[in-house]
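Thanks for coming. I will take the contact between the chains to begin with, then the cavities. Please have a look at the model.

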Amino acid sequence: MNKGRIKVALALALVAALAFVAVGARKTATRLAQDAAQKVYVAPGEYDEFYAFLSGGFNGQVGVYGLPSGRLLKIIGVFSQNPRNGYGYNPETKPMLMTSHGFIPWDDTHHPELSMTNGVPDGRWLFINANNTPRVARIDLKYMETSEIIEIPNSAGNHPSSFVTENTEYLTAGTRFSVPIPQRDIPIDQYKGNFKGTLSFIKIDPDTGKMSLAFQILVPGFDYDLAHCGKGPSHDWCFFTSYNTEEAHTLLEINASQRDKDFIAAVNWKRAEECIKEGKYETWNTPYAHNWYDEKKHMAFSEIVKEEKVIKPDQCPGVVYFIPTPKSPHGVDVSPDGKYILGDGKLSATMAVFSFDKMIKAIKEKKFAGDAYGIPILDFESVLDHYVKNACLGPLHTESDGKGYAYTSCFISSEVIKWKWSTGEIVDRIPVYYSIGHLMIPGGDSAKPWGKYLVALNKITKDRYLPTGPELNQSAQLIDITGDKMKLLLDFPTVGEPHYAQALPASLIKDKQARIYNLKENEHPYATKSEKQVKVVRKGHEVHVYMTAIRSHFVPDNIEGVKVGDTVYFHVTNLEQDWDIPHGFAVFGAPTANNLIMPGETKTLVWKPTKPGVYPFYCTDFCSALHQEMQGYVRVSPADANPPMIWRGGGEEGKWIVEQ
Amino acid sequence: MRWIKALLLAAGLAFAIGEGASALATQTKCQVEAKLPPKGLPKGIGPYADKTIKLDPCVNLDLAKKGEKLFEQYCSACHKITKRYVGPPLKGVTLARSPEWIMNLFLNTEEMVWNDPIAKALLQQYLTVMRPPSGVPEEDFRAIYEYLRYIDATGKTEVK
């Protein structure tokens, strides 16, 4: 064999070997993909194992997803109008979006939180905050609709919200953007000392879920960012992170990143309760809105409250302490046993794990390192239990699997790290795509996590899906955490920025879901419970149409007698009493959204016609084979005309009832 | 599943006993004498497929009155008595169909409209699947049936 031949043979062998390696790698990748696909595959007609509730961020809503499939099941309108069903457009639900600043059709939702009993999600309610105009909402998990919204006075940027105590005694709210409290006109560069924050506690009625503002603690003008409440031994406490302890008012990017440590505010809410009992508070009168939905009347109500109890820490010693924590922390998380408190310092690669017992000891022994505006600062070393060293870049938020491990999201290095709560030892890392914010494990911030999956809630999407122009949906990733190594299973897009999320086993709430509104129990003042009760009533320039909808007709479907200058109220009751037969209602030219009316429900569309003519209305939700025929007309006559006031429908004809 | 069957059986028995008792009480004279359907009509598919409902020769007026109200609430948006509406006109229905078939249609609608030959043909004609309200107790359907019997006996739609 000559040298040339040997070279050729060697080269061929090398090519073959390389090809073999490549094919092998591809085979392995394919097998992994098949493995992952099987784990997230939910066969047609089958159900997901978990309900997940993802914040809709700047979309102002909550998205309900199934896990492990990542299928979007529903979008719940919360702080934003929902054109899909008329929420926030119709007079029944507009009061839900009232504030002390008037009607606001939008907000920015961040942190959903499930109600808990003994530190475990109980499937009753989901709470979520509005960051922009400070509010908190309660969603009823039987109807999966927003039941109540309460505004937070004396605050701005309601970010460390809405986190519950172990038995949902309270819900937190707080001030991310400190402001003059009470609000007043002062130059912005007089921030230091004049701008303040509040940490608010909302009482939850254990039977009805009804929210009321219990007390607010006035705190220095830092940026209070996130919160979590204690469990077990730390039951009486809630923890709030803060950044900008520098009290900068401009170019915060640099000016609020000067110090090595900021603070966790540890609030003893039991102590606050004592101070309220002992009268150690001030009554302030900043107005705030309180809105709730009455399920029987199918209608929301809004009231302005003008009284709140404000606790000043110097008048209630022991109510709040500051724990120094590295650096500009975002999340503050408590281990399932309630023994450890962690500040996720987003500008520090080393995370500090604090011990609750050590904190109590330091308080007792007065191991203070000075104070901030009279609030004691605990000595860092006395409270520190251990570090998580060289954790990652930009740690943001941590949840638990219930098996002793913590999982931290790392924004800058785009990864999730797994580590041991008790020692800080890092045992695994997995890259995520891209720039993860929060992460979520079902029950992962509770006393008993269902540690099967982890959802990475990523901020940046880029090339993960087919491109859709400059604006992209956000991206979530499902990770299997049952083994020693984390395994990426699935990407799925989410609507709006899912800052944070919650999940619970579907079995906890699936069978409690409402299917219809019982027509017999419908107490809407304009309900029409059978076609016999249909009528049209004129009261001056108001026209009330008591209308029914059933497959596939409206009664009435001809209305004559409306004049320009009238306000027409179409009160439509869906007479169906079987599951999933909604009817929609829309009127040509009406400057509002359609109403989607569930079986047994009544909703109103308000219309002020401006031009004479004949205007069609129709059912917007495909309801039957004769859905296309589900239509009608309303005739609008000039203001000075004298048209007959009649209606037709259901084979009948009627005359209007004229009142006054 | 077993307890559901037991419940259905119990309901069926109560039905039969009720019929028997009222038949005895009103043997002598009826306020309103019912018209009875011919024997041997199909019974349809459902809990009454293998049962026989003994019909009282008298219309139970209290029950029919209750049925009148329930009819307005649950049925009138889709059914008229003499005219076609969303569904077929109902005059004569208690003579054209067996009571078992009608109760099966109330209680087992989905299966009836897709598999029973008569209900299937009606669906092809009217093109809308009947949706009786969910969660209604069986005795309410029985009252509606009695109201329809009253209409067929008297030709009137208002029970007096």
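How much area do chain B and chain A bury between them? This is a predicted model, and in it the two chains bury about 1,500 Å² between them. Of that area, 48% is on carbon and sulfur atoms. In chain B, the residues that lose the most area to chain A are B:Glu72, B:Gln73 and B:Arg131, which together make up 32% of what that side buries.

In terms of residues, chain A puts 21 into the contact and chain B puts in 18.

Now the polar side of the interface. The rule finds 8 residue pairs in polar contact across it, both residues at pLDDT 80 or more. It also finds 2 salt bridges between chain B and chain A. One of them joins B:Arg131 to A:Asp578, with the closest N and O atoms 3.3 Å apart. On the chain B side, helix H2, residues 61-74, gives the most to the surface touching chain A, with 3 residues. Sorted by class, that side of chain B has 10 nonpolar, 4 polar and 4 charged residues.

On to the cavities. The structure holds 3 of them at 30 Å³ or more, and the largest has about 60 Å³ of space. Which residues line the largest cavity? Among them are A:Glu113, A:Met116, A:His228, A:Cys229 and A:Asp445. Strand S6 (113-117) and strand S14 (223-229) of chain A are the elements that give two or more residues to this lining. By class, the lining has 3 nonpolar, 4 polar and 4 charged residues.

That is the end of my part.

Conventions. Residues numbered from 1 in each chain as written. Chains lettered and ligands numbered in written order. Predicted model: local features only at pLDDT ≥ 70, side-chain atom pairs only at ≥ 80, totals over all residues. Heavy atoms only, no water. Contact = heavy atoms within 4.5 Å. Buried area = accessible area lost by both parts, 1.4 Å probe. Salt bridge = Lys/Arg side-chain N within 4 Å of Asp/Glu carboxyl O. Polar contact = N/O pair within 3.5 Å; in protein donor to acceptor, adjacent residues only side chain to side chain. Helix = DSSP H or I, 4+ residues; strand = E, 2+ residues; numbered from the N terminus. Nonpolar A, V, L, I, M, F, W, Y, C, P; charged D, E, K, R; others polar. 1 Å grid on protein atoms, 1.4 Å probe; cavity = no way out; pocket = protein on both sides within 12 Å on 5 of 7 lines; lining within 4 Å. Points joined across faces, edges and corners; volume = space filled by probe spheres on them.
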